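The exercises below are meant to be worked with the sequence and the model open side by side. Each task is followed by a solution that goes step by step.

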Amino acid sequence: MDSPQQLSRSTVLLHWFVALGMIGLTAVGLYMSRAEVWFLYPIHKSIGVLVFGLILLRVVWRLRNGWPAQVAEGSPLEHRLAQLVHWLLIGLTLAMPITGMMHSGAGGHGIAIFGLQLLPSQHKPDAPGEALPYNQNVAEWGEELHEWLGYLLILTVMLHLAGALKHHWVYKDGVLRRMLGQRIET
Ligand code: HEM
Ligand code: HEM
C-alpha cells in the first residue's frame, strides 16, 4: 500500500509503464495516420490493447488504494489543478483505447494482439480490399473521439509534466522522487 513517504512498487511500476505506453502510442498514432504508414496500424492496435489491460489493473489499484497523499508544497489552487489533471489522465487512459477499439472494431477492421484475433475483420463482398463496418455510427464516433481526445491528452500530459518539474526544481520537494520509488520526508 502507498504511504505519504513512499509509494508502493505497484503504483510506481503501473504509473511508468502506462505513461510510457500512452506517450509512445500517441506519437506512433499521430505519425502513422498522417504519413499513412499502414504496417504500423496492427502494431499500434496490439500494443494499445495490451496497455489497456495494464490501465484496467491500474484503475482497480487506484480504487482500492486511493490517491497518493499530497505533498504540502504548492498553493490550494495548484493542488486542485493537480487533482483535476490526475482525474483527466486516468479518464483519458481509459477513453483512448476504448475509442480506438470502437473505431477499429465497429469499422470492420478487426482487433488482434499480434495475430491473436479478438474481433474478426469483415470485408465488402464487391470490394474485398475495403472493410465492411459492423456499425458505421459507432465507428465514426470512435474515430473522431480518438483523434480529439488524443489532442486533449497531449495538453493534459504537458500540464502534468510542467507540474512535476515545478515540484522538483522550484519547490524542491519529493513529489517526483516519490514517483521514482524513493522514500521522502514529509
Ligand atoms: C491505449 C492508448 C492509445 C493511445 C494513446 C492512442 C493514440 C492515438 C493517436 C494520438 C492517434 C492519431 C489520431 C489521429 O490524429 O487521427 C491514433 C490513431 C489510431 N489509433 Fe490509437 N491509441 C491508443 C489505443 C488504440 C487502440 C486500442 C486501437 C484499436 C484497437 C487504436 C486504433 C487506432 C487507429 C485505427 C488509428 C488511426 C486512425 C486514422 O487513421 O484515422 N488505438 N491513436
Ligand atoms: C511525462 C512524464 C511524466 C512525469 C514526469 C510524471 C510524473 C508524475 C508524478 C511525480 C506523479 C506524482 C504526483 C503526486 O504525488 O501527487 C504523477 C502522478 C500521476 N501521473 Fe504522471 N508523469 C508523467 C506522465 C504521465 C502520463 C503520460 C500519464 C497518463 C496518461 C500520467 C498519469 C498520472 C496519474 C493518473 C497520476 C496520479 C497518481 C497515480 O494514479 O499513480 N503520468 N506523475
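**Exercise 1. Determine how many positive and negative side chains the chain has, and how far apart the centres of the two sets lie.**

Solution. Begin by counting Lys and Arg as positive and Asp and Glu as negative, leaving out His and the chain ends. Then place each charge at NZ of Lys, CZ of Arg, CG of Asp or CD of Glu. The chain has 13 positive and 12 negative side chains, and the centres of these two sets are 14 Å apart.

Before going on, note that this is a predicted model, in which local features need pLDDT of at least 70 and side-chain atom pairs count only at pLDDT 80 or more, whereas totals for chains, interfaces and linings use all residues. Residues are numbered from 1 along each chain as its sequence is written, chains are lettered from A and ligands numbered from 1 in the order in which they are written, and side-chain values use heavy atoms, with hydrogens and water left out.

**Exercise 2. Describe the order of the elements along the chain.**

Solution. Take helices (H or I, at least four residues) and strands (E, at least two) as DSSP runs, numbered from the N terminus. This gives five helices and four strands, which run α-α-α-β-β-β-β-α-α from the N terminus on. The C-alpha atoms fill a box of roughly 65 × 25 × 25 Å along the principal axes.

**Exercise 3. Identify the residues with the most contacts inside the largest nonpolar core, and the helices that supply it.**

Solution. First call a residue buried under 20% relative accessible area, exposed over 50% and partly exposed in between (1.4 Å probe, protein chains only); of the 186 residues, 32% are buried. Next, join buried Ala, Val, Leu, Ile, Met, Phe, Trp, Tyr and Cys residues through side-chain atoms within 4.5 Å to obtain a nonpolar core. The largest such core has 13 residues, and Met22, Ile55, Met96 and Leu153 have the most contacts inside it. At least two core residues come from each of α1 (9-35), α2 (40-65), α3 (76-106) and α4 (136-171), with α3 giving the largest share, five residues. Finally, with contact meaning heavy atoms within 4.5 Å, and neighbours within four places in sequence left aside, Ile55 touches Val18, Met22, Thr93, Leu94 and Pro97.

**Exercise 4. Decide whether Ser104 is buried or exposed, and list its contacts beyond four places in sequence.**

Solution. Ser104 is placed in helix α3, and its relative accessibility is 8%, so Ser104 counts as buried. Leaving aside neighbours within four places, its contacts are Lys45, His109, Gly110 and Ile111.

**Exercise 5. Classify the ring pair of Trp38 and Tyr41.**

Solution. Rings of Phe, Tyr and Trp (its six-membered ring) pair if their centres lie within 6.5 Å, and planes under 30 degrees apart count as stacked, over 60 as edge-to-face and the rest as tilted. Three aromatic pairs result from this rule. For Trp38 and Tyr41 the centres are 5.2 Å apart and the planes stand at 50 degrees, so this pair is tilted. Trp38 is exposed at 55% relative accessible area, while Tyr41 is partly exposed at 26%.

**Exercise 6. Locate Phe114 and Lys172, whose phi values are positive although neither is a glycine.**

Solution. Phe114, with phi near 40 degrees, sits in the loop between β1 (111-113) and β2 (116-119) and is exposed at 53% relative accessibility. Lys172, with phi near 50 degrees, sits in the loop between α4 and α5 (175-179) and is exposed at 63%.
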